[in-house]
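Visitor: Could you take a close look at one helix with me, from its start to just past its end, including any aromatic rings it brings in?

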Amino acid sequence: MTAATVVSTPVAPARARPDRLSRAQARRVALAAQGLHRARTGGSGPGLRQVTAVVRRLGLLQIDSVNVLARAHLMPAFSRLGPYDVGLLDRLSSRTPRRLVEAWAHEASFVPVETWPLLAWRRRAVRDHAWGSIASAAERHPAELAAVRAILAERGPVTSAQVHALLAEGGAGGRPATDEWGWNWSAAKRVLEHLFFTGEVVSAGRSAQFERRYDLPERVLPRSVLDAPPVTDAEAIRGLVEVGARAHGVATLRDLRDYFRLRRGVTNALVPAAVRELVEDGVLVPVEVEGLRGPWYLHRDAALPRRADGAALLSPFDPLVFERTRLEELFGTTYRIEIYVPAARRVHGYYVLPFLEGEHITARVDLKADRRAAGGGVLRVQSAHGEPAAPGDRGATAHRLAAELRAMAGWLGLADVVVAPAGTSLPSLRGRWAVADAGAPRWRRDVRHGRDDRFSQGRTRADVPGAGPRMAEGVTKGAAICRVRDMT
């Protein structure tokens with residue numbers, strides 16, 4: 001059995017599939033594939049099984065360093081499950097037996113360990129897929145390469161800062177590399193990233209400062225992965241295309257390429273060939289989507305629900321919004337991340353999350369977790385905009401969005417939500433309100449770990465210093481006041 005067969009969908013009895021979808025049907029297929037078509041169920045909170053299922057459904061979680069709200073890889077599970085203990089993701093990626101491993105997939109990502117062999121083609125093609133200073137690090141810094149290998153073998157897992165310090169003590173590795181725009185990496189860091197890209201070292205998890213902890217594969221990966229038979233480039237690309245197809249439900253060739261960044265080198269020929277094979281084997285079914293250029297491909301296991309009634313805030317790095325053209329085609333939403341746009345030129349804000357309501361994107365909000373604010377911290381809504389073409393009532397959207405904001409604030413361990421009056425086109429959303437009602441579960445920051453992205457299940461509003469019934473009624477400068485129970 002090859003690694004490709006591990007992630008391939010088992011052969012199922014043939015069943016009739018549509019050859020044409022309306023745009024609304026295609027939206028619902030996409031939402032069902034992503035686990036976003038249903039309202040969340042209540043209960044005591046998602047456990048390890050539910051979090052694992054989300055990651056396997058999506059195929060990957062993109063990692064990004066921006067932490068103005070929450071780390072990017074933490075958000076997709078919240079969008080689909082609601083408040084959960086993010087320590088579960090840390091457990092999946094940092095403890096034996098690991099079920100997740102970090103790899104270059106859709107940029108830096110966590111992927112199920114079974115996917116690791118399918119990415120070997122990229123590790124072999126470092127010249128085609130790594131950026132220049134990383135691709136050439138072994139040739140440019142041979143002394144540091146040998147020293148880093150020795151440190152990892154003897155001391156791993158170690159962070160790049162620890163490696164840099166050890167090399168500097170010995171008179172090597174401390175030379176800054178300043179010949180590349182935007183970076184000031186040492187030779188040690190470049191060597192580490194080269195070894196990570198090629199798979200000679202892997203991440204054993206992340207430190208409290210969210211630094212990779214580098215180690216040797218044999219001390220991190222499960223034996224089943226280490227002993228898996230080699231996978232050819234063609235097998236790997238077919239396996240990755242199918243993972244992406246299942247996560248999309250229905251997709252174009254462009255979408256399938258984008259999910260694992262299959263756009264260069266050998267993938268130029270192998271992706272179309274993989275799609276043809278999957279069509280021949282009945283895994284993918286060519287379909288037309290009303291009003292959109294194709295061809296589109298429907299995964300044979302894709303569900304077509306009659307309606308979608310979920311609600312979720314989606315991070316800029318959520319798999320549903322990875323491919324902006326797809327988002328515009330299916331949902332009619334033009335969305336661009338504006339982190340790197342000068343503040344004066346931003347249209348919607350710095351860290352803007354689309355709000356999914358049913359099968360439509362109905363609003364977008366610019367959010368910031370102000371963890372230092374008095375009284376237990378504040379989720380700041382810097383701006384909130386209704387989508388111009390979204391159907392439905394703006395007031396109803398504001399009420400449903402308020403419930404999501406409150407849930408997010410509680411998950412982040414923040415006591416308040418404050419909506420700025422400026423730049424808000426949803427007037428009924430404006431205000432400030434306390435987060436937790438008595439008896440409601442809260443998720444608060446675990447300060448023992450000294451980090452903002454690990455939380456543990458707490459109790460109620462009584463745990464928040466200064467929180468109480470008056471918090472929802474207090475007067476704050478520049479903001480209208482509303483009770484949260486009236487919003488939800």
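Guide: Gladly! Helices here are DSSP runs of H or I with at least four residues, and strands are runs of E with at least two, each numbered from the N terminus. The model is predicted: local features need pLDDT of at least 70 and side-chain atom pairs 80 or more, while totals for chains, interfaces and linings use all residues. Numbering starts from 1 along each chain as its sequence is written, and side-chain values use heavy atoms, without hydrogens or water.

Our helix is H18, whose 18 residues run from 394 to 411. Its first and last C-alpha atoms are 25 Å apart, close to the expected 26 Å (1.5 Å times one less than the residue count). At its start, a side-chain oxygen of Asp393 comes within 3.0 Å of the backbone nitrogen of Gly395. Along H18, the buried residues (under 20% relative accessible area, 1.4 Å probe, protein chains only) include Thr397, Leu401, Glu404, Leu405 and Met408. Trp411 is buried as well, and ring pairs link Trp411 with Phe78 and Tyr84 into a cluster. Rings of Phe, Tyr and Trp (its six-membered ring) pair when their centres lie within 6.5 Å; planes under 30 degrees apart are stacked, over 60 edge-to-face, and the rest tilted. The count by this rule is six aromatic pairs. One of them, Trp104 with Phe197, is tilted, at 6.2 Å centre to centre and 35° between planes. Trp104 belongs to strand E3 and Phe197 to helix H12, so this pair ties together parts 93 residues apart in sequence. Back at our helix, Gly413 follows just after H18 with a positive phi of about 75°.

Note on methods: Buried means under 20% relative accessible area, exposed over 50%, partly exposed in between (1.4 Å probe, protein chains only). A polar contact is a pair of N or O atoms within 3.5 Å; within protein, one must be able to donate a hydrogen and the other to accept it, and residues adjacent in sequence count only if both atoms are side-chain atoms.
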